Amino acid sequence: MPLSKSRLHAVTDAGPAVRGLDLVHRPRRNRKTDWARRLVRESTLTVDDLIWPIFVMGGTASRAAIPSMPGVERLTVDEAVKAAEMAAKLKIPALAIFPYVDPARRDPTGSEALNDNNLVCQTLRAIKAAVPEIGLITDVALDPFTSHGHDGLLQDGRILNDETVEILVRQALVQAEAGADVIAPSDMMDGRVGAIRAGLDAAGYTDVQIMSYAAKYASAFYGPFRDAIGTAKTLSGDKRTYQMDPGNGLEAIREAALDVDEGADMLMVKPGLPYLDIVFRLKEAFGLPTFAYQVSGEYAMIEGAIRNGWVDGDRIVTESLVAFKRAGADGILTYFAPRVAQRLAEQG
Ligand code: PBG
């Protein structure tokens, strides 16, 4: 029931103490002006926090829209070089490269992953030659290369673990040879981080870092990404025998502990916003550089709402990314990276 005017006066006149209000603790004081808010802000987003995932495809001088990721395009290698130049100008520290492989080059074992002139390797070499100052992160997993869209070898409906790991090590070596700075295994096979570390070291790539997708969940938020790399229609079944169950948190800590033990330099959690608790827990537990991947479905939801005029684009994007910092992330893989970097640059 709304207070009548006379009742309101009566309450006000009674004074704050009588109303039971705390006169000492007034957290709003620190929010009173912009300068005060800036002064006490705990987490901020800078361009140094951004990793930009890009999609590459064959051909030259063209870009192809990805309908479920409005504003994101697949780029031919020469266009990817231009994107890298732009990213370097904006001071984005690193790119993550994902290929759309010609379906004719996909087979059950993903053999194209081991072709040292595949799309990923071509992109690595071209960007390294033109923009040596930007960091290049490559995804280790077989799904862009397999005809069935799984991250590993498929036999009688099962994904083989150890046989897959052997191929992943070779895939990592092919990428390191072509110039990858960071190997990011996203396949979720057991033991792959240790095997890749040993393989890299034995081949002399002792400086190549490993960013482990330590806690990667079997998620519907990857849907648009599978459109982007062309596995949405070909994927047989789902990835629940290797990616994690969304109901599990402690298991993420056990998974990450194994990866840390096996030599991971950095950890990653994926998807992002729905799994902020996992980001927080991993950072607390290990204190290692920890990243979050704001995945394609998260991008699509936010960008879709922006394009419909339902939310304020700049504010919602910044807020979604600051949330990762608050949770303890050292950086974020996000398709919004160029947009945010541009805006940060304009703000000076
Ligand atoms: C596959 C891989 C996936 C993503 C990155 N690497 C999808 C999957 O596991 O099916 C998802 C990224 C995104 O949704 O933006 N190895």
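## A buried ligand and the spaces around it

An oxygen atom of the ligand lies 2.7 Å from an N or O atom in the side chain of Lys239. That is a good place to start a tour of this structure, which is a predicted model.

Two other side chains reach the ligand in a similar way. A polar side-chain atom of Arg226 is 2.7 Å from a ligand oxygen atom, and for Gln243 the distance from a polar side-chain atom to an oxygen atom of the ligand is 2.8 Å. On its own, the ligand would expose 400 Å², and the protein buries 100% of that area.

Which residues come nearest to the ligand? There are 18 residues around it, and the nearest are Ser186, Arg226, Lys270, Ser296 and Tyr335. Arg226 therefore deserves a second look in your viewer, as it belongs to this nearest group and also makes one of the polar contacts, defined as N or O pairs within 3.5 Å. By class, the shell around the ligand holds eight nonpolar, three polar and seven charged residues.

Where does the ligand sit? Its place is the largest cavity. The model has three cavities of 30 Å³ or more, and the largest holds about 130 Å³ of space. Its lining is made of 16 residues, with Asp143, Lys216, Tyr222, Phe225 and Lys270 nearest the centre. Seven of the lining residues are nonpolar, three are polar and six are charged.

Lys270 turns up in both settings: it is among the residues nearest the ligand and among those nearest the centre of the largest cavity. Lys270 is also joined to Pro271 by a cis peptide bond, with omega at about -10°. Pro271 belongs to the loop between strand S10 (266–270) and helix H9 (276–286). Another backbone detail concerns Lys91, which is not a glycine and yet has a positive phi of about 75°. Look for Lys91 in the loop between H3 and strand S4 (94–99). Both details catch the eye because most residues other than glycine have a negative phi, and most peptide bonds are trans.

Now for the open pockets. The table sets out two of them by volume and by the classes of their lining residues.

| Pocket | Volume | Lining by class |
|---|---|---|
| Largest pocket | About 460 Å³ | four nonpolar, four polar, six charged |
| Second largest pocket | About 300 Å³ | twelve nonpolar, one polar, six charged |

The largest pocket has about 460 Å³ of space. It is lined by 14 residues, and Arg41, Leu45, Thr318, Val322 and Gln347 are the closest to its centre. Helix H11 (313–326) and helix H12 (337–347) are the elements that give two or more residues to this lining. Which of the elements gives the most to the lining of the largest pocket? That is H11, with five residues.

The second largest pocket has 19 lining residues, and Trp52, Gly71, Val72, Glu73 and Pro338 lie nearest its centre. Two or more residues of this lining come from each of strand S1 (50–57), strand S3 (73–76), helix H3 (77–89), helix H10 (296–307) and H12. The largest share belongs to S1, which supplies four residues. H12 is worth following through the model, since H12 gives two or more residues to the lining of the largest pocket and also to that of the second largest pocket.

Definitions and conventions:
Residues numbered from 1 in each chain as written. Predicted model: local features only at pLDDT ≥ 70, side-chain atom pairs only at ≥ 80, totals over all residues. Heavy atoms only, no water. 1 Å grid on protein atoms, 1.4 Å probe; cavity = no way out; pocket = protein on both sides within 12 Å on 5 of 7 lines; lining within 4 Å. Points joined across faces, edges and corners; volume = space filled by probe spheres on them. Nonpolar A, V, L, I, M, F, W, Y, C, P; charged D, E, K, R; others polar. Near = heavy atom within 4 Å. Polar contact = N/O pair within 3.5 Å; in protein donor to acceptor, adjacent residues only side chain to side chain. Areas by Shrake-Rupley, 256 points an atom, 1.4 Å probe, with all protein chains shown as cover. Sits in = over half its atoms within 2 Å of the grid points.
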